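Good morning, and thank you for coming. Please take a moment to look at the sequence and the structure before I begin.

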Amino acid sequence: MEKGIIFFCSAFAILSLTACGDIKENDSIADQLDSSVGKEIASNAQTTEKVKKKVFTDFIYDVSSRFNVIKKGDLDKARAFSDFIGEEHAQRIVSYKYLNVTILGKNQPPSVKEITHNGILTTAQTNLLQSLDYSTNVFIEAGYVEKNIETGHLEDSHSTPYLTIVPEKQATYMNGKAALMKYLKDNSEHARTNVEAGKLRPAKLFFTVTKDGAIENVNLDRSSGYPLVDDTMIELITKTSNAWQPAENAKGEKVGQELVVSFGLMGC
């Protein structure tokens with residue numbers, strides 16, 4: 001009887017140890033599964049987060065005048081079309097057909113078109129150009145016959161310089177253009193989240209740096225197609241008020257200057 005009890009107790013102890021071992025093993029497997037599942041969930045969450053917060057980076061910035069610049073002093077001295085295209089190009093021109101000066105603006109632009117054979121500005125065209133103020137955009141077009149430098153043949157052609165009149169010393173961001181570009185990019189990142197390249201459009205934002213270095217007349221000329229991006233750019237430029245060195249004329253007097261922020265995709 002005593003031996004039977006001892007045998008029963010021994011058997012029970014062995015079964016208990018085996019059961020505990022199985023439980024620990026199952027717990028270990030469960031822990032491994034939980035850890036694996038947890039890592040997978042975390043990985044999926046990170047992937048989702050990356051997709052969710054994809055920031056469009058191919059975002060073109062430029063802060064400059066609207067077109068190629070010409071200083072007011074140089075414009076006042078212009079007397080011929082060659083003053084706008086350079087002597088090298090002008091030497092290829094054999095004869096002119098017409099010369100057109102057009103002021104670009106929101107209202108009906110004034111235009112003076114003349115028939116000419118020498119590319120010389122007329123008195124009316126010269127007076128018009130000299131009457132223009134800073135930040136005015138002007139379109140000068142000439143039709144002519146020129147000599148092809150490769151074939152030597154005479155060909156009909158035309159040229160259309162687009163120019164923006166700027167002061168002798170242009171307005172500059174106090175920390176430099178590179179710092180301004182970085183400021184715009186870093187602080188517009190949230191607005192560029194999930195922006196689709198196929199829907200983004202070239203955009204232009206006009207603003208004026210006053211003679212006191214303040215920002216005025218902030219105007220969205222062309223939308224990017226994303227209102228949040230547009231509004232963010234307007235806000236960021238407005239916040240740079242008093243962080244500019246104003247433009248100066250030939251006399252060293254402070255003057256206002258209009259500049260343009262180009263953003264979105266590259267465009268004209």
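Let me start with a definition: a residue is called buried when its relative accessible area is under 20%, and exposed when that area is over 50%. Please also keep in mind that this is a predicted model.

I begin with the chain as a whole. The chain contains 7 helices and 14 strands. It has 268 residues, of which 36% count as buried. If we take the contacts between residues at least 6 apart in sequence, 71% of them join residues at least 24 apart.

I turn now to helix 6, residues 177–187. Which residues of helix 6 are buried? They are L180, M181 and L184. Viewed down the axis of helix 6, these buried residues fall within an arc of 100 degrees, so they line one face of the helix. A178 and K182, on the other side of helix 6, are exposed. A general rule is useful here: an α-helix has 3.6 residues a turn, so residues three or four places apart point the same way. The cover over the buried residues of helix 6 includes strand 1, strand 8, helix 7, strand 11 and strand 14.

That list leads us to helix 7, which spans residues 227–238. Helix 7 has 12 residues, and from its first C-alpha to its last it reaches 16 Å, close to the 16 Å expected at 1.5 Å a residue. Its buried residues are V229, D230, T232, M233, L236 and I237. They cover an arc of only 165 degrees around the axis, which puts them on the same side of helix 7. What do the buried residues of helix 7 pack against? They pack against helix 6, strand 9, strand 10 and strand 14.

Next, I would like to consider a single residue, Y144, which lies in strand 5, residues 137–147. Is Y144 buried or exposed? With a relative accessible area of 1%, Y144 is buried. Leaving aside residues up to four places away in sequence, Y144 touches several others, among them F81, H89, I93, E155 and H158. The C-alpha atoms of Y144 and H117 are 8.4 Å apart, while the two residues are 27 residues apart along the chain.

Finally, I come to the interior space. The structure holds 1 cavity of 30 Å³ or more, and the largest cavity contains about 30 Å³ of space. Its lining consists of R66, S135, N137, T164, F206, E258 and V260. Of these lining residues, 2 are nonpolar, 3 polar and 2 charged.

Thank you for your attention.

Note on methods: Residues are numbered from 1 along each chain as its sequence is written. This is a predicted model: local features need pLDDT of at least 70, side-chain atom pairs count only at pLDDT 80 or more; totals for chains, interfaces and linings use all residues. Side-chain values use heavy atoms; hydrogens and water are left out. On a 1 Å grid over the protein atoms alone, a cavity is a set of points where a 1.4 Å probe fits but cannot get out, and a pocket is an open set with protein on both sides within 12 Å along at least five of seven lines; lining residues have an atom within 4 Å of a point. Grid points are joined across faces, edges and corners, and a volume is the space filled by probe spheres set on the points. Ala, Val, Leu, Ile, Met, Phe, Trp, Tyr, Cys and Pro count as nonpolar, Asp, Glu, Lys and Arg as charged, and the others, Gly among them, as polar. Helices (H or I, at least four residues) and strands (E, at least two) are DSSP runs, numbered from the N terminus. The expected span of a helix is 1.5 Å times one less than its number of residues. Buried means under 20% relative accessible area, exposed over 50%, partly exposed in between (1.4 Å probe, protein chains only). The arc is that of the directions from the helix axis to the C-beta atoms. Contact means heavy atoms within 4.5 Å.
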